[in-house]
Amino acid sequence: MATAMKNTATKDMCDMCSPKQVIAIMSCKGCLKDMCRKHFNEHRDKLSTDIYNVSDLRDNILQELQIAIDRASKSPHTGTALQLSKQIDEWKTKTIERVSQAAKEAHASVECLFSRKLEYDQVQQKVDQITNELKEQQESESFVETDIDHWMKQLKQLKSDLNRPSQVETNPPVLQIQSIDWKSIIAISTSNENYDKLSQNLFEQGILYSLSINYSQTALRLQ
Ligand SMILES: [Zn+2]
Ligand SMILES: [Zn+2]
């Protein structure tokens, strides 16, 4: 049996006791150190403390995460996000107002183009004038052939004016609408290029992202 046993010279020594020569009875598969009984016990104790620290830090992170989640659920938009949301709402209101205004102006143009009120008012005025002349001349019986010719000529002209088709009937107007590029009309930019350019200014304002709003040349024109 004695020949089968390692002698002291070939045995592994405790790395912790080194340079003191103490025979190692265990080795750690993690750090690959050979250790005596005393040092192996200490080593395991240290590892137990270390794993406790890992759990402790994990618990701490979970706690912070829960606090962050609770805070976010109470007020999902804070600081920059809140400011951006406000700007988006302002853009929305302004854009709706501008669209309504453009539609209103287009409606007014249609109304104006198709209305013949001015024309009819003029015919009415001329007929009224002739009525007065006729009444006057009939009462005084002072009319002659030239007056009759004159009235007839005027009335025929008015009749012809009245029956003439309007300009919008002979040449109907068309609606021209420029399409809006909804993908580029409003965008949140986070590119570095923009960030560099705007960072100074935005930092002062406490805004970290830039919001670009472009009003396209929306034209509602009636020909
Ligand atoms: Zn040792
Ligand atoms: Zn170890």
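Below is a friendly chat about this predicted model of a single chain.

Q: Hi! What helices and strands does the chain have?
A: Hello! The chain has seven helices and six strands. Going along the sequence, they come in the order β-β-α-α-α-α-α-β-α-β-α-β-β.

Q: And how confident is the predictor in the chain?
A: The mean pLDDT of the chain is 84, and 80% of its residues reach 70 or more. Residues 202-223 are a stretch to treat separately: their pLDDT is below 50. In the model, that stretch still has 47 contacts beyond near neighbours in sequence.

Q: OK, how much of the chain is buried?
A: Of its 223 residues, 2% count as buried.

Q: What about contacts between residues far apart in sequence, what share do they make up?
A: Take the contacts between residues at least 6 apart in sequence: 50% of them join residues at least 24 apart.

Q: Let's look at helix 2. How far does it reach?
A: Helix 2 covers residues 79-114, which is 36 residues. From its first C-alpha to its last it reaches 53 Å, close to the 52 Å expected at 1.5 Å a residue.

Q: Is helix 2 covered or in the open?
A: Largely in the open, because the number of buried residues among its 36 is zero.

Q: And helix 3, what is its span?
A: Helix 3 runs over residues 117-140, so to speak 24 residues in a row, and reaches 35 Å between its first and last C-alpha. The expected value at 1.5 Å a residue is 34 Å, and the two are close. Helix 3 is hardly covered too, with a count of zero buried residues.

Q: How does helix 4 fit its expected span?
A: The 19 residues of helix 4 should span 27 Å at 1.5 Å a residue, and its end C-alpha atoms are 27 Å apart, which agrees. Helix 4 is hardly covered, with zero buried residues among its 19.

Q: At what angle do helix 3 and helix 4 pack?
A: Helix 3 and helix 4 (residues 145-163) pack at about 160 degrees, with their axes 11 Å apart. That makes helix 3 roughly antiparallel to helix 4, since angles over 145 degrees count that way. Their crossing is left-handed.

Q: Which residues meet there?
A: From helix 3 there are Val123, Lys126, Val127, Ile130, Leu134 and Gln137. They meet Asp147, Trp151, Gln154, Leu155, Leu158, Asp161 and Leu162 in helix 4.

Q: Why would residues three or four places apart point the same way?
A: An α-helix has 3.6 residues a turn, so residues three or four places apart end up pointing the same way.

Q: Nice. What comes just after helix 3?
A: Glu141, which takes a positive phi of about 50 degrees. Glu141 is in the loop between helix 3 and helix 4. It counts as exposed because it has 6 C-beta neighbours inside 10 Å.

Q: What is usual for phi and for peptide bonds?
A: Most residues other than glycine have a negative phi, and most peptide bonds are trans.

Q: Back to this chain: what is the phi of Leu32?
A: Near 60 degrees, a positive value in a residue other than glycine. Leu32 lies in the loop between strand 1 and strand 2. With 8 C-beta neighbours inside 10 Å, Leu32 counts as exposed.

Q: And the peptide bond from Ser18 to Pro19, cis or trans?
A: That bond is cis, with omega near 10 degrees. Pro19 sits in the segment before strand 1.

Q: Switching to helix 1, where I spotted His43. What does His43 touch?
A: Not counting residues up to four places away in sequence, His43 touches Cys28 and Met35. His43 and Cys28 are 15 residues apart in sequence and 8.8 Å apart in space, C-alpha to C-alpha. His43 is partly exposed, with 17 other C-beta atoms within 10 Å; a residue needs 20 or more to count as buried.

Q: Last one: how far apart are Arg37 and Ile23?
A: They are 14 residues apart in sequence and 9.1 Å apart in space, C-alpha to C-alpha. Arg37 is in helix 1, and its 13 C-beta neighbours inside 10 Å make Arg37 partly exposed.

Conventions
Residues are numbered from 1 along each chain as its sequence is written. Chains are lettered from A and ligands numbered from 1 in the order in which they are written. This is a predicted model: local features need pLDDT of at least 70, side-chain atom pairs count only at pLDDT 80 or more; totals for chains, interfaces and linings use all residues. Helices (H or I, at least four residues) and strands (E, at least two) are DSSP runs, numbered from the N terminus. The expected span of a helix is 1.5 Å times one less than its number of residues. A residue is buried if 20 or more other C-beta atoms lie within 10 Å of its own, exposed if 12 or fewer, and partly exposed in between; C-beta atoms are placed from the backbone. Two residues are in contact if their C-beta atoms, placed from the backbone, lie within 7 Å. pLDDT is the predictor's confidence in each residue, from 0 to 100. Axes are lines fitted to C-alpha atoms, for helices over the stretch in contact, and angles run from 0 to 180 degrees between N-to-C directions. Angles under 35 degrees count as roughly parallel, over 145 as roughly antiparallel, 65 to 115 as roughly perpendicular and the rest as oblique. A crossing is left-handed if the near helix is turned anticlockwise from the far one by less than a right angle, and right-handed if clockwise.
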